[in-house]
Structure formats: C-alpha cells, structure tokens
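Reader: I have a structure open and do not know how to read it. Where should I begin?

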Amino acid sequence: QVQFVESGGGLVQPGGSLRLSCVGSEIIISDYAMAWYRQGPGRQRDYVGVISRGGITTYEDSVKGRFTISRDKAKNMLSLQMNNLKPEDTGVYYCGFDINREMRGFGWGQGTQVTVSS
C-alpha cells in the first residue's frame with residue numbers, strides 16, 4: 001500500500017509562513033491527482049487543496065490566495081506553501097491521493113502538526 005510522509009510543520013506566529021513537503025513510497029507523484037488535507041482540533045479531516053494530474057490547482061475557500069500547492073518532479077515531492085497563516089489554520093496536515101479523483105488506495109501518514117499562535 002502506498003504510504004506518504006509529511007514534514008515541515010511547526011509553531012508559527014499569525015502572519016507567518018511554513019512550507020510543507022510530502023513524499024510517497026514507490027509512486028511518481030506527478031502521475032496522480034494529489035491533495036493536502038488537514039484536521040483541526042476537534043474537527044474531521046478535510047481538503048485544503050488539490051493538484052490535478054495536469055497540474056491544475058484548486059483550494060478550499062479559506063486558504064485561497066494564501067496557500068499554494070506545487071510539485072517538484074525531480075524530487076518526486078509535493079509541497080504546500082502556506083503564507084499569512086491564521087490561528088484557524090492550526091491542525092495536522094496530511095497529503096495523499098485526491099480521493100475524489102483517484103481510485104488507488106493509500107495509507108494515511110502521521111501528518112505534520114502546524115500550530116499558529118502568538
């Protein structure tokens with residue numbers, strides 16, 4: 001089963017930035033529609049944004065204009081650049097296939113914790 005590993009989280013003040021990274025086992029990330037998800041405190045895991053196989057990105061409304069998803073084909077890596085972070089962005093961030101577009105199953109990684117607080 002494909003596994004993903006996320007990294008790059010941390011504690012940041014409101015208005016700050018973080019860049020998250022994701023690698024997957026035995027796959028070529030650019031061959032799939034990929035997504036970033038997050039699970040805030042007491043909330044279910046939900047979409048942050050997706051990047052299609054063709055490279056088209058879409059985002060959840062609350063992060064539009066602040067977050068950017070990208071792929072590095074040379075490193076076989078998915079990234080999430082997060083700018084102007086807000087306390088409500090706090091949560092555990094996961095990457096994985098876009099479950100609305102890809103049938104292939106995968107195992108959720110441990111995620112990476114992002115805490116936005118002053």
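Author: The turns below take up a disulfide, a hairpin and a pocket. Keep in mind that this is a predicted model.

Reader: How many disulfides does a search of the whole structure find?

Author: A disulfide is recognised by two cysteine sulfur atoms within 2.5 Å of each other. The search of the whole structure finds one. Cysteine 22 is joined to cysteine 95, with an S to S distance of 1.8 Å.

Reader: Which parts does the pair tie together?

Author: Cysteine 22 is in strand S3 (residues 18-24) and cysteine 95 is in strand S9 (residues 91-97), so the pair links parts 73 residues apart in sequence. Both cysteine 22 and cysteine 95 are buried. The torsion about their S-S bond is about 65°, so the disulfide is right-handed.

Reader: In which sense do strand S7 and strand S8 pair, parallel or antiparallel?

Author: Strand S7 (residues 67-72) pairs with strand S8 (residues 77-82) in the antiparallel sense, over six bridges. For one position, take threonine 68: its bridge partner in S8 is glutamine 81. S7 and S8 form a hairpin with four residues between them. In the turn, asparagine 76 has a positive phi of about 50°.

Reader: How is empty space found, and what lines the largest pocket?

Author: A probe the size of a water molecule, rolled over the atoms, shows where empty space is left. Here the largest pocket holds about 250 Å³ of space. Its lining includes Arg38, Arg43, Asp46, Tyr47, Glu60 and Glu88. By type, the lining residues divide into five charged, four polar and two nonpolar.

Conventions:
Residues numbered from 1 in each chain as written. Predicted model: local features only at pLDDT ≥ 70, side-chain atom pairs only at ≥ 80, totals over all residues. Heavy atoms only, no water. 1 Å grid on protein atoms, 1.4 Å probe; cavity = no way out; pocket = protein on both sides within 12 Å on 5 of 7 lines; lining within 4 Å. Points joined across faces, edges and corners; volume = space filled by probe spheres on them. Nonpolar A, V, L, I, M, F, W, Y, C, P; charged D, E, K, R; others polar. Helix = DSSP H or I, 4+ residues; strand = E, 2+ residues; numbered from the N terminus. Buried < 20%, exposed > 50% of the residue type's maximum accessible area, 1.4 Å probe, protein only. Pairing = 2+ DSSP bridges.
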